[in-house]
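This report considers the aromatic contacts of one protein chain and then its overall dimensions, surface and charges.

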Amino acid sequence: MIFTVAIDGPAAAGKGTVGRAVAAHFGFAHLDTGLLYRAVGALVLKGAEPVAAARGLVPEALEQPGLRSPEVAQAASEVAVIPEVRAALLDFQRGFARREGGAVLDGRDIGTVICPEAEAKLFVTASAEARAGRRLAELIEAGLDASFDGVLADVRARDRRDSERAEAPMRPAEDAYVLDTSDLSIEDAVAKAVARVAARR
Ligand code: C5P
């Protein structure tokens, strides 16, 4: 059985949480595609050339610690504007999407560019303030030093870069179901996403 769930949306809107829960519910595999860009960004911070880093990326690179730091997020969104970097990561994502047994991919351009034929598409979003509050809690939980204003500025800068870039800008696919999680509990957001995917099966 081949079935792709495409989940897009801005940073810290709940894509990852919703994606993992939907994958677990249906027994599908899950890929956080942001990790691909983060892994390339991390290599660039160590001096690698972005396109070479993307072409040589190995799946094990997605498991290294430190990919969640704000510095790596920033580097990721900078390499993500380079068309050759995006092209180098395309086949891996498409192969994952069409693997046997079903797949959930979350990112920025899954429903629009990577898997326009996905059986189910969700655009998970929330206000910038709600997202900054969640990201701050995660950073503090991870023992990192951060302030609300700093995180809010980062969230807005990344939103701008992700939605204004020429190549694969972040936007909802025309046929995506828009799920605003600003005022939803995790349980409610997951329940809505699961219901939407179930309706497509
Ligand atoms: O989702 P996450 O915050 O981990 O993504 C890091 C960065 O990678 C994003 O800000 C975005 O620039 C880029 N990205 C992308 N396309 C994706 C996933 C992530 O451009 N499908």
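In this predicted model, a search of the whole structure yields two aromatic pairs. One of them joins Phe-3 and Phe-28 in a tilted arrangement, with ring centres 5.7 Å apart and an angle of 40° between the planes. Phe-3 belongs to the segment before strand E1 (4–8), while Phe-28 sits in the loop between helix H1 (15–26) and strand E2 (29–32); the pair therefore ties together parts that are 25 residues apart in sequence. Both Phe-3 and Phe-28 are buried. Ring pairs also bring Phe-26 into a cluster with Phe-3 and Phe-28.

The protein chain as a whole contains nine helices and five strands. Read from the N terminus, its elements follow the order β-α-β-α-α-α-α-β-α-β-α-α-β-α. The radius of gyration is 16 Å, which agrees with the value near 17 Å for a compact globule of 201 residues. Of the contacts between residues at least 6 apart in sequence, 77% join residues at least 24 apart.

The table lists further values for the protein chain.

| Property | Value |
|---|---|
| Box filled by the C-alpha atoms, along the principal axes | roughly 45 × 35 × 30 Å |
| Buried share of the 201 residues | 49% |
| Exposed area | about 9,500 Å² |
| Share of the exposed area from carbon and sulfur atoms | 54% |

As to charge, the protein chain carries 25 positive and 30 negative charges, and the mean positions of these two sets are 2 Å apart.

Terms used:
Residues are numbered from 1 along each chain as its sequence is written. This is a predicted model: local features need pLDDT of at least 70, side-chain atom pairs count only at pLDDT 80 or more; totals for chains, interfaces and linings use all residues. Side-chain values use heavy atoms; hydrogens and water are left out. Helices (H or I, at least four residues) and strands (E, at least two) are DSSP runs, numbered from the N terminus. The radius of gyration is taken over C-alpha atoms; the globule rule is 2.2 Å times the number of residues to the power 0.38. Buried means under 20% relative accessible area, exposed over 50%, partly exposed in between (1.4 Å probe, protein chains only). Contact means heavy atoms within 4.5 Å. Accessible areas come from the Shrake-Rupley method with a 1.4 Å probe; for residues, only the protein chains shown count as cover. Lys and Arg count as positive and Asp and Glu as negative; His and the chain ends are not counted. The place of a charge is taken as NZ of Lys, CZ of Arg, CG of Asp or CD of Glu. Rings of Phe, Tyr and Trp (its six-membered ring) pair if their centres lie within 6.5 Å; planes under 30 degrees apart count as stacked, over 60 as edge-to-face and the rest as tilted.
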